[in-house]
Amino acid sequence: LPRPGERPDVYCRVAAVLTCGLSYAVGVWCMWVLGRRAGLGAGWRFVWLLGFALATVLPAYTRQVNAGMPQLAAVAALAVLLSRAAEATGRRRLALLLGAGCCAGFGYTADLGSGPPLLAVAALAVAVRTRRVGPLAAFLLGALPWVVANHALTYAVGRVWVPLGMVPEYLTWPGSPFDRSNMTGVARHTAESFAVNAASLVLIFLTSNLPLFLAVGFGWLALARRGPDRVEQAALAAWCVGVWLVYALLSDNAGGGCMSVRWFVPLLVPGFWLLAKLLAERATFRADFAVLAAGGLLLAYRMWHLGPWLSGPVAGQTAIVAGTLGAWAGVRALALWWRYRSCRWRG
């Protein structure tokens with residue numbers, strides 16, 4: 001390969017492929033495994049996977065280097081390993097939990113806003129699932145090198161233990177658009193502004209990832225039923241809520257100039273994992289998912305052309321979102337009417 005100074009375009013493309021492109025491939029493969037474990041047949045598993053891979057912000061985030069995609073791959077691999085460890089025993093379980101700890105530790109390093117909560121909820125899931133010290137120790141041992149290396153490197157560079165972006169003095173370079181008044185990592189909200197920021201983060205993210213409307217509205221039905229991965233799914237769902245609240249409290253810019261909310265990209269994994277279980281157990285929601293994914297495909301195609309670093313909505317996004325949600329409302333109303341008629345016939 002040519003030197004970066006000679007061909008910066010080649011260097012940037014290779015860097016993007018080796019980080020975000022590879023992460024995308026790992027994430028999609030892990031989701032295929034999770035869909036099979038959730039009980040989806042091959043046909044609907046493929047439709048569901050298309051929704052994840054091509055009807056969300058993920059294609060746009062493969063185009064340039066960002067931290068969200070590597071963390072998404074780590075969360076997807078973590079979910080697979082925790083799911084398999086839940087039914088394993090002996091040394092195999094310890095090996096799986098050691099690998100899961102490595103994934104959680106890597107996810108910790110990718111974003112110190114969402115990473116620590118990820119490690120905490122995963123460790124809690126292991127403790128609840130196994131109720132033994134040995135498996136939990138194996139998990140934490142896998143995560144430890146990543147956590148230590150992250151903070152050691154940060155301290156070596158900046159002589160602080162927190163992320164450098166949380167230190168106001170490191171944001172005083174000439175022309176910096178950030179200071180203590182608008183930097184991420186500072187709690188500055190009133191109760192009213194916190195509620196507005198929290199609601200806006202959810203709205204921005206959902207309107208860029210349309211299939212997640214089904215997960216937010218009906219994912220609780222999947223968690224309410226017992227299943228082999230219920231503990232792990234509940235833990236990652238709690239992680240999503242925790243990350244949302246952390247950034248609602250400590251930010252006010254929705255991730256800056258980016259497509260949707262860049263901090264929330266890894267949250268697609270728990271959301272679609274719940275959707276897999278929902279679609280496997282309740283076939284009545286499959287038409288809902290197909291409609292939302294169809295609208296998401298059109299929107300994702302537009303976002304892919306623009307890449308991840310865009311401030312503001314995509315051209316035509318409002319019309320696509322409104323049309324898709326309107327069609328979904330019609331499908332849901334038709335499903336409810338059909339269920340009502342079926343109950344009357346049985347009666």
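**Helix α9, the pockets and the fold**

Trainee: What makes the span of α9 close to the one expected?

Mentor: In this predicted model, α9 has 13 residues and covers 18 Å between its first and last C-alpha. The expected span is 1.5 Å times one less than the number of residues, and for α9 that rule gives 18 Å, so the span is called close to it.

Trainee: Where does α9 bend, and by how much?

Mentor: The bend is at F218 and comes to about 60°. That value is the angle between an axis fitted to the seven residues ending at F218 and one fitted to the seven starting there.

Trainee: Which residues of α9 are called buried, and what does the word require?

Mentor: Buried requires a relative accessible area under 20%. In α9, L212, F213, L214, A215, G219, L221 and A222 are buried. For the chain as a whole, 44% of the 347 residues count as buried.

Trainee: Which pocket lining does α9 give the most to?

Mentor: That of the second largest pocket, to which α9 gives six residues. The space in this pocket is about 480 Å³. Its lining has 19 residues, and A215, V216, A237, C240 and V241 are the closest to the centre. At least two lining residues come from each of α8 (191-206), α9 (212-224), α10 and α11 (268-281).

Trainee: How does the lining of the second largest pocket divide by class?

Mentor: It has 17 nonpolar residues, two polar and no charged. Ala, Val and Cys count as nonpolar, so A215, V216, A237, C240 and V241 belong to that class.

Trainee: What is the volume of the largest pocket, and which residues lie nearest its centre?

Mentor: It holds about 870 Å³ of space. There are 33 lining residues, with D111, P163, Y247, R262 and W263 nearest the centre. Two or more lining residues come from each of α4, α5, α7 (133-158) and α10 (230-250). The largest share is that of α10, with three residues. By class, this lining has 17 nonpolar, 14 polar and two charged residues.

Trainee: What makes a space a cavity rather than a pocket?

Mentor: In a cavity a 1.4 Å probe fits but cannot get out, whereas a pocket is open. The count of cavities of 30 Å³ or more is one. The largest cavity has about 60 Å³ of space, so it passes that cut-off as a volume filled by probe spheres.

Trainee: Which residues line the largest cavity?

Mentor: The lining consists of L82, A85, A86, R93, L97, A125, V126, R129, T130 and E232. Two or more of them come from each of α4 (68-85), α5 (90-110) and α6 (115-130). The largest share, four residues, belongs to α6. Six lining residues are nonpolar, one is polar and three are charged. Arg and Glu count as charged, so R93, R129 and E232 are the three in that class.

Trainee: How many helices and strands are in the chain?

Mentor: There are 13 helices and zero strands. The pattern along the sequence is therefore α-α-α-α-α-α-α-α-α-α-α-α-α, helices being DSSP runs of at least four residues.

Trainee: Why is the chain called as compact as a globular protein of that length?

Mentor: Its radius of gyration is 21 Å, and the globule rule gives 20 Å for 347 residues; the two are close, so the description holds. Along the principal axes, the C-alpha atoms fill a box of roughly 75 × 55 × 50 Å.

How values were computed:
Residues are numbered from 1 along each chain as its sequence is written. This is a predicted model: local features need pLDDT of at least 70, side-chain atom pairs count only at pLDDT 80 or more; totals for chains, interfaces and linings use all residues. Side-chain values use heavy atoms; hydrogens and water are left out. On a 1 Å grid over the protein atoms alone, a cavity is a set of points where a 1.4 Å probe fits but cannot get out, and a pocket is an open set with protein on both sides within 12 Å along at least five of seven lines; lining residues have an atom within 4 Å of a point. Buried means under 20% relative accessible area, exposed over 50%, partly exposed in between (1.4 Å probe, protein chains only). The radius of gyration is taken over C-alpha atoms; the globule rule is 2.2 Å times the number of residues to the power 0.38.
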